Amino acid sequence: MITLDSFKPHESGKVLRIQGDGAIQQRLLEMGVVDGADVEVVRFAPLGDPMEIFVRGFHLTLRKSEAALVEMQR
Amino acid sequence: MSQTVALVGNPNVGKTAVFNALTGLHQHTGNYAGVTVERKHGTVRQGGASVDLIDLPGAYSLSARSPDEIILADVLLGLREDAAPVMGLLIVVDASNLERNLFFVSQLLDLDKPSIIALNMMDIARRRNIAIRTEALEAALGVPVVPLCARTGEGIAELKTALLGLCSGQAGAQTPLPQRHEAAAKALAAVLETHRHVLGRVVPAIEALRILVDRESYAEKRLIGRLGADFQDTIERYREEARSNGKSLAAEESRARYAWVQSVMADAVERPSTRTKSRSERIDNLLTHRFFGTLFFVGLMLLIFQTIYSWAGPLMDLVDGGIGSLGERVGGLLPGGMLQSLVVDGIFAGVGGVLVFLPQILLLSLFIALLEDCGYMSRAAFLMDRLLGWCGLSGQSFIPMLSSFACAVPGILATRTINNRRDRFTTILVAPLMSCSARLPVYLIMIAAFIPEHSILGGLIGIQAMALFLMYSVGVLVAVPTAWILKKTLFKGPKPPFILEMPSYKVPQAMTVGRKVYYEGKEFLSRAGTLIFAVTILVWALAYFPHSSTIAGQYEAERTQLLQSSVEGEARELALADVNDRENGAYLRYSFLGQFGNFVEPVFHPLGWDWRIATATIASFPAREIIVATLGTLFNLGSDEDEASLTLLETLKAATWPDGRPLFNIAVAFSIMVFFALCAQCSATLITIKRETGQWRWPVLTFVYMTGLAYVCACITYQTLHFAGLGG
Amino acid sequence: MSWEIVIVGLAVLGASAYCGRLAWRAFHGKSTGCGCGAATCHAAKPGGTPRET
């Protein structure tokens, strides 16, 4: 199982599903990180966390701990 | 009466700019999530008709967790008594970021109200070669779509026309949601219908759906609060009923909505097939770069302090000189005595001393307004999140904290976008530690008087600007462990999430920025003209009276004796001046304030302060910058009247202890600055904390912990510097 | 001399009354209108205060 936090910059893939069912997951879903969505990792912050991704035509930042909830397909 | 239309949309879509363009009402627009906290009303007029427009906080969805989102959902559902029922929706969307915007549109259209879509930022969409066929979009959404660019005013007239005909229009297309969701929501609504007498209203199916989908949301908690904890089982039962394949309800709903969005987009929008780097992305390659981004951030902060210091200097001298000569002239017109003392020592030395800092205040607020308006704040949050993570907060708290550098009050209000109560309260309690603009006068006067004017790095950075930077860091450095302790004790809980949109960079709008700077300056001036003016008069009165005649008699006798003695010429003049000085000192010492000061002086002795600094500090409880005014008054009162025209800077440099040692030195200057960096001498902040948290104990806690910290840290600073030989 | 006392007295009385009024209004959560953060004064509008539950 690959999760989004293990992606490198400029790597992209498709969302398989989001683990769990809570407020964090729902915020991710609302922002368009839904199964089937294309996601590209843009960069990591200077201290390695958080990360910036490109999804549905806009830029979103999230922590690695949140990205770890997103199961991906390369 | 005209009908009410709600202005809704995602954050960062230019909602406030649309509001301003439509109503002509003036508010500021920011570039980070949640600047539109206050509910604003405006009337849109065209011909004889009018519509009442209510501006609601920006949000990404209707699931309500933060105070902002709760207001939004409640107003739209008609649950707030203080807002008129909403008859229609004006939905602002970002044309260059349509996909995610349409997700919210899909939820809003489900509210079944007449709606219009304002397709804002068409200029950016065109630049990115995104082609939008308006008619196709109208057909797919079932509501009018008006393309516009609020910044330039393009399309505003068309939007006005559409808006005035809105309430007779019809509701838009509904998103097909999973059958089981809708059935379960209807069933729950039917159950709630039987509790109508307890709830006092009927819960519509759309609200029932949100209760089912949004776990632990406000809507759910409110319902449980009314119907009792047992009702949780009922909700869970319907949740189970709605679930079909083990997937969470939220995932199912989002998938259905995004599927609908994609079908809408397929008909109406054409995006370039290959992704080209937008201008904003190219800028970000540098500004959020691992190395250059951090360098830029630190450089930017240094630049701000250097600018405040060196650019504002000449302006400051100009104001200072003007006030000084005016005070001298007005003082000369008045006969010597009580009234002259009030005008010269009280008003000119006090209020005038504060007014001098207007240029710096304006420059600082200009910088903050520019950073907010261009979209850099989100980047700063991105760069800093990890650092904040160490103290248990998130980048979400960073934006309110950055705003607190202008003033803690808007900073505290900006925490309304934080949905977790623990994180919100922690942020509220540490935000006042950020060095707000009211501390700037205190720093500037101390630095200008007691820090040498050297520069390092070939004249690039002055020592004085460095000292200012250091003072600004003190607040941040103390805030980190404070937040950490608060998160470990009072507000124990997991690290909050950090899911933040990075909006595209925008060229700051002169109007928006100008308005912010104008309001900041106006506030500063009105504070100087009202509160500081009043406090200065009171401090003057307390420091002038009783002005006992015994002292007057005693020194008069000494003067007479001197005049009759054999001392002649210059020596006599000097001796007379000395008598006058001592007389003024005696009046001050035996004034009401002086007696009080003597009483409290021992408490502040470890900080290196005399009673005048101590009382000036206590008197500045209503607002920090009052200390500049009270220091001016106290030190002017205590000196010979011929010297009253000296600027505050010179007066402070000349101040001594009773035994003649100079009162101020680097150690004392830093101890004062550190105290003011950390103390809670701002009644407006404390009142705002009370208002936002709803309880008096939080402002009381803030005051106690900040004052304690201020005292201890100032003490350590003074003792250390004194020990290092800088206290001589 | 006497008119001086009158002016100074009025100024001091006015200033105390003003400060007292501010303190009273602030304590009761009303707008102070003194420019202590325009936002504070705006937030004092009815219903401007969302509460956490």
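Seven salt bridges link chain A and chain B in this predicted model. One of them joins the side chains of A:R56 and B:E99, with 2.6 Å between N and O. Polar contacts can be counted as well: 20 residue pairs, with both members at pLDDT 80 or more, make them across the two chains.

Which parts of chain A supply this side? Helix α1 (23-30) puts in at least two residues, and so does each of three strands, namely β3 (38-44), β4 (51-55) and β5 (58-62). The top contributor is α1(A), with seven residues on the side that touches chain B. Sorted by class, that side of chain A holds 16 nonpolar residues, eleven charged ones and seven polar ones.

As for the overall extent of the meeting, 34 residues on chain A are in contact with 48 on chain B. Together the two chains bury about 3,700 Å², and carbon and sulfur atoms account for 54% of that area.

The two chains also share some strand pairing. Here β5(A) lines up with β11 of chain B (residues 500-502) in the antiparallel sense, over three bridges. Where does A:T61 find its bridge partner in β11(B)? That partner is B:L500. Strand β5(A) therefore turns up twice in this picture, if one may put it plainly: among the elements that supply at least two residues to the side touching chain B, and as the strand that pairs with β11(B).

Notes. Residues numbered from 1 in each chain as written. Chains lettered and ligands numbered in written order. Predicted model: local features only at pLDDT ≥ 70, side-chain atom pairs only at ≥ 80, totals over all residues. Heavy atoms only, no water. Contact = heavy atoms within 4.5 Å. Buried area = accessible area lost by both parts, 1.4 Å probe. Salt bridge = Lys/Arg side-chain N within 4 Å of Asp/Glu carboxyl O. Polar contact = N/O pair within 3.5 Å; in protein donor to acceptor, adjacent residues only side chain to side chain. Helix = DSSP H or I, 4+ residues; strand = E, 2+ residues; numbered from the N terminus. Nonpolar A, V, L, I, M, F, W, Y, C, P; charged D, E, K, R; others polar. Pairing = 2+ DSSP bridges.
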